[in-house]
Amino acid sequence: MAEKSIVVEQETVGLKKIKLNYKLIFSLSLPLILFLMWLVISFLEPRFFTLNNISNLGRQTAIIAIVAIGQTYVIITKGIDLSVGSTLGISCITSAMLLVSGVSIFMTFVIILAMGLLIGLLNGFIIYDMKITPFIATLGTMTIVRGATLLFSEGKIISGVPREFIQIANSDIFGIPYLIVILFIISVIFMVILRYTVFGRNLFAIGSSDEAARLSGVSVRTTTYGAYMISGLLSALAGLLMTSRLASGVPTAGTSYELDAIASSVIGGASLFGAQGSVIGTIIGSLIMSTLRNAGNLLRIEPFWLQIAIGALLIIVVFFDQIQKKRS
């Protein structure tokens with residue numbers, strides 16, 4: 001009996017090592033994929049690794065990554081937020097209107113970020129209190145907010161944004177674009193919240209089982225509201241940065257960003273089944289998405305083919321996510 005128990009214990013230890021190695025391989029696969037992509041693209045197009053293009057790639061990644069971090073918070077709860085692109089769009093056009101009308105940069109930030117929080121609050125209310133599924137709820141708010149954006153702007157681009165505001169997204173510090181610095185700060189803040197706070201643990205608990213979380217004393221309502229409000233807040237911030245980068249308010253800004261945000265999160269390891277996701281993984285996923293688009297422009301690939309490739313990539317990642325979920 002003692003020999004059998006020793007054998008069983010050794011097998012258990014072996015299985016744990018295999019699981020540990022699997023997790024290690026998975027965590028290293030994303031940076032490896034990104035590195036191989038950069039290697040192949042730089043071979044095909046020498047301009048890819050120029051300072052100007054890398055800086056441009058960083059700026060592109062920063063905005064989508066900020067949106068995707070908020071999306072990751074929602075996906076961890078087994079939800080989804082399709083309104084992120086529309087929230088970015090209305091934030092872009094509204095911030096331009098405020099700035100052109102003479103509102104200070106500080107007050108513009110306060111108003112726009114508050115608006116993002118309100119949109120997130122509305123999503124949380126519809127999903128939790130009205131008991132409407134996240135997909136339908138945020139599809140509805142996406143349509144409403146996008147319609148409001150076009151209505152307010154009359155479909156026109158708002159120009160005349162102050163130069164001081166434009167410099168936020170288009171200036172560098174020690175050669176590093178401000179947008180990358182902002183992304184770094186946002187990443188650290190929301191990584192700490194996700195990994196080291198009660199709220200972060202509650203997100204994973206709800207994603208695993210909202211009923212079990214409720215029985216454990218977790219406030220499902222507060223946590224659900226919080227996840228969608230964070231998504232709205234970060235989408236609004238991305239809208240402000242988009243206005244700065246474009247030097248104007250564009251009513252169509254953020255179109256299809258919901259797809260990019262979801263793809264970045266899922267490629268980065270977030271599971272649509274909930275209870276899985278990380279900020280670092282999401283940033284790498286965003287880099288992969290931005291690299292595909294950047295390389296497509298440099299190599300003069302039709303944007304329609306890129307859209308097909310991104311959609312196919314998302315389907316493949318979700319397919320393997322389903323297989324992994326069934327096995328676990």
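Residues are termed buried when their relative accessible area is under 20%, exposed when it is over 50%, and partly exposed in between (1.4 Å probe, protein chains only). The structure is a predicted model, in which local features need pLDDT of at least 70 and side-chain atom pairs count only at pLDDT 80 or more, while totals for chains, interfaces and linings use all residues. Residues are numbered from 1 along each chain as its sequence is written, and side-chain values use heavy atoms, with hydrogens and water left out.

Helices are DSSP runs (H or I, at least four residues), numbered from the N terminus. Helix α2 (residues 51-76) comprises 26 residues. From its first C-alpha to its last α2 reaches 36 Å, close to the 38 Å expected at 1.5 Å a residue, the expected span being 1.5 Å times one less than the number of residues. Of the 26 residues of α2, 21 are buried. Lysine 78, just after α2, adopts a positive phi of about 70°.

Helix α10 (residues 220-246) has 27 residues and spans 39 Å between its terminal C-alpha atoms, close to the expected 39 Å. This helix, α10, is likewise mostly covered, with 21 of its 27 residues buried. A positive phi of about 60° is found at alanine 247, just after α10.

Helix packing was described by axes, which are lines fitted to C-alpha atoms, for helices over the stretch in contact, with angles from 0 to 180 degrees between N-to-C directions. The axes of α2 and helix α12 (residues 279-298) come within 8 Å and cross at roughly 135°. The pair is therefore oblique, a class left over once angles under 35 degrees (roughly parallel), over 145 (roughly antiparallel) and 65 to 115 (roughly perpendicular) are set aside. Contact (heavy atoms within 4.5 Å) involves residues including Asn53, Leu57, Ile64 and Ile69 of α2 and Thr282, Leu287, Asn294 and Leu298 of α12. This contact has 8 nonpolar, 10 polar and no charged residues, where Ala, Val, Leu, Ile, Met, Phe, Trp, Tyr, Cys and Pro count as nonpolar, Asp, Glu, Lys and Arg as charged, and the others, Gly among them, as polar.

Helix α7 (residues 178-196) also packs on α12, at an angle of about 140° with the axes 9 Å apart; α7 is thus oblique to α12. Ser187, Phe190, Met191 and Leu194 of α7 meet Val279, Ile280 and Ile283 of α12, giving 6 nonpolar, 1 polar and no charged residues.

Threonine 141 lies in helix α5 (residues 134-153) and counts as buried because its relative accessibility is 2%. Beyond neighbours within four places in sequence, threonine 141 contacts Ser83, Leu122, Asn123 and Ile126.

Terms used:
Helices (H or I, at least four residues) and strands (E, at least two) are DSSP runs, numbered from the N terminus.
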